[in-house]
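Hi everyone, thanks for coming. I'd like to talk about charged side chains and cysteines today, so let me put the structure up.

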Amino acid sequence: MRVGAESGVRRLIILGSTGSIGVQTLEVVTHLNSLHARGEFPFRFEVVGLAAGRNADATLAQAMTHGVREVALADGKSCERVSAPPGVKVRSGADAAERLVREVECDMVVGAIVGAAGLSATLAAVERGTDVALANKETLVAAGSIVIETARKSGARLLPVDSEHSGVWQALAGATEKAHVAEALGTGHRALDASQGVARRPQASRLERQAALVPPCEVGADVSRVILTASGGALRNKTKEQVENATPEDALAHPTWNMGAKVTIDTASLTNKALEVIEAHWLFGLEADRIGVVVHPQSIIHAVVEFADGSSIAQMGVPTMCTPIQVAIAYPHRVSGKLGAVSLASASRLDFIEPDLGRFPALELGFRVAREGGTSGAVFNAANEAAVEAFLARKIPFGKIARLSRAAMDEIGVSEVRSLDDVYAADREARRFVGKALGIGH
């Protein structure tokens, strides 16, 4: 039984608390708790655990501010430089976040650790049947088959925090009326008991339909395609030569979104969108040819769902991560957000442009992974992480990031994923390939 949820308290563990998503999640928690105090929101959030990489000072400051007693830090050395406040337990080491999830009772885990480092802790939450507000797309990119199968067995819900997947989720939930579609989307995932299931009741309630639409799910044939929008990143208007030779400063100058360095670089190369294609494939059970991408510089429309009858529904919102974070952690409740709605009059124009694969070839690799499956996602993700690290260290030009990812996939090939060991082996092999290609070791 979820004691916290029953008592009107929703207990959160935030993985990656000092990163961009983690910091904004704490802001949303503060906002929602203020609404609860005024009687405008049914739950009070209690942050019961924080996990970060090496920023011990910031993590412990967060713990003090939010009354958190359980902390995890991946870098054990960072713990040696600071003293934990009285009453705060600090776990350290590479598996600290996973131990935090397994040892501390909670109602939801916010998975916001960047990269493959967040995989084991997120999977631990799913194994326990704990809902995950998922911002760490690499979890599904590298180990989607394992995570989705585990979620279906445990009943864990994967509530998307990426603005695009949140947009798809919201558009689907707001549009699907037919009970048989709700049944299909809910198969194997917290569906109602067979004796009271959606399929046996043609006039299924709105709440039942929404529950069936929560990922992981499989979108029915009434949806022909979902389209994820891309801002285009900092290099959207650059020539092929300028993209090839862009500096870290060039690639980090994102015009609309405030994100961490790794995600911002991935956005500039459209690798981030490639990862989101893979994530959409797993969250919504979509084949590669039912996923589209369009560049939308204003970042107002986050996703579009195209239906078989020719209708399309778009989800719009101010370009801030606070909104999709709130949609996920407050689900199924809708209350006042930190920011207002989009002003259509102020928006004035919305542009949509086909992605240029000649300048941004990384995007195609996401569709390739969705088609190939197996370890291809782990190889792509790890090679990209290693290449981005080299780029930020000024060891390679920007254009080489995508070439290294493709070369790693071509060289290593695809193997079956039977366990996390297969995922980690592919990850290591991809990093070794990039290191060897650059002559720097890895």
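Let me start with a question for you: is Arg91 buried or exposed? Have a look before I tell you.

Right. This is a predicted model, so please keep that in mind throughout. In this model Arg91 is buried, with a relative accessible area of 5%. And Arg91 has a charged partner: its side chain meets that of Glu103 in a salt bridge, at 2.8 Å from N to O. Arg91 sits in strand E4, residues 89-92, while Glu103 belongs to helix H5, residues 96-103, so this pair ties together parts that are 12 residues apart in sequence. The two ends of the bridge have their own surroundings: Glu103 is partly exposed, at 44% relative accessible area, whereas Arg91 is buried.

Now stay with helix H5 for a moment. Which residue does Arg102 meet in a salt bridge? The partner is Glu127, and the N to O distance is 2.6 Å. Here the link joins distant parts of the chain, with Arg102 in helix H5 and Glu127 in helix H6, residues 119-127, and the two positions 25 residues apart. As for accessibility, Arg102 is partly exposed at 38%, and Glu127 is partly exposed at 40%.

My next pair stays within one helix. Glu276 forms a salt bridge with Lys273, and their closest N and O atoms are 2.6 Å apart. Both residues lie in helix H14, which covers residues 271-284, and because they are 3 residues apart there, about one helical turn separates them. Are these two buried or exposed? Glu276 is buried, and Lys273 is buried as well.

Salt bridges can also share partners, which takes us back to where we began: Glu70, Arg91 and Glu103 are joined into one network in that way. If you're wondering how many salt bridges the whole structure has, the search finds 29. The pairs I've shown you are among them.

Last topic, the cysteines. How many disulfides does the structure hold? The count is 0. A disulfide, remember, is a covalent bond between the sulfur atoms of two cysteines. Two cysteines I looked up are Cys217, which counts as buried at 1% relative accessibility, and Cys322, which is buried with a relative accessible area of 9%.

That's my tour, and I'm happy to go back to any of these on the screen.

Methods
Residues numbered from 1 in each chain as written. Predicted model: local features only at pLDDT ≥ 70, side-chain atom pairs only at ≥ 80, totals over all residues. Heavy atoms only, no water. Salt bridge = Lys/Arg side-chain N within 4 Å of Asp/Glu carboxyl O. Helix = DSSP H or I, 4+ residues; strand = E, 2+ residues; numbered from the N terminus. Buried < 20%, exposed > 50% of the residue type's maximum accessible area, 1.4 Å probe, protein only. Disulfide = S-S within 2.5 Å.
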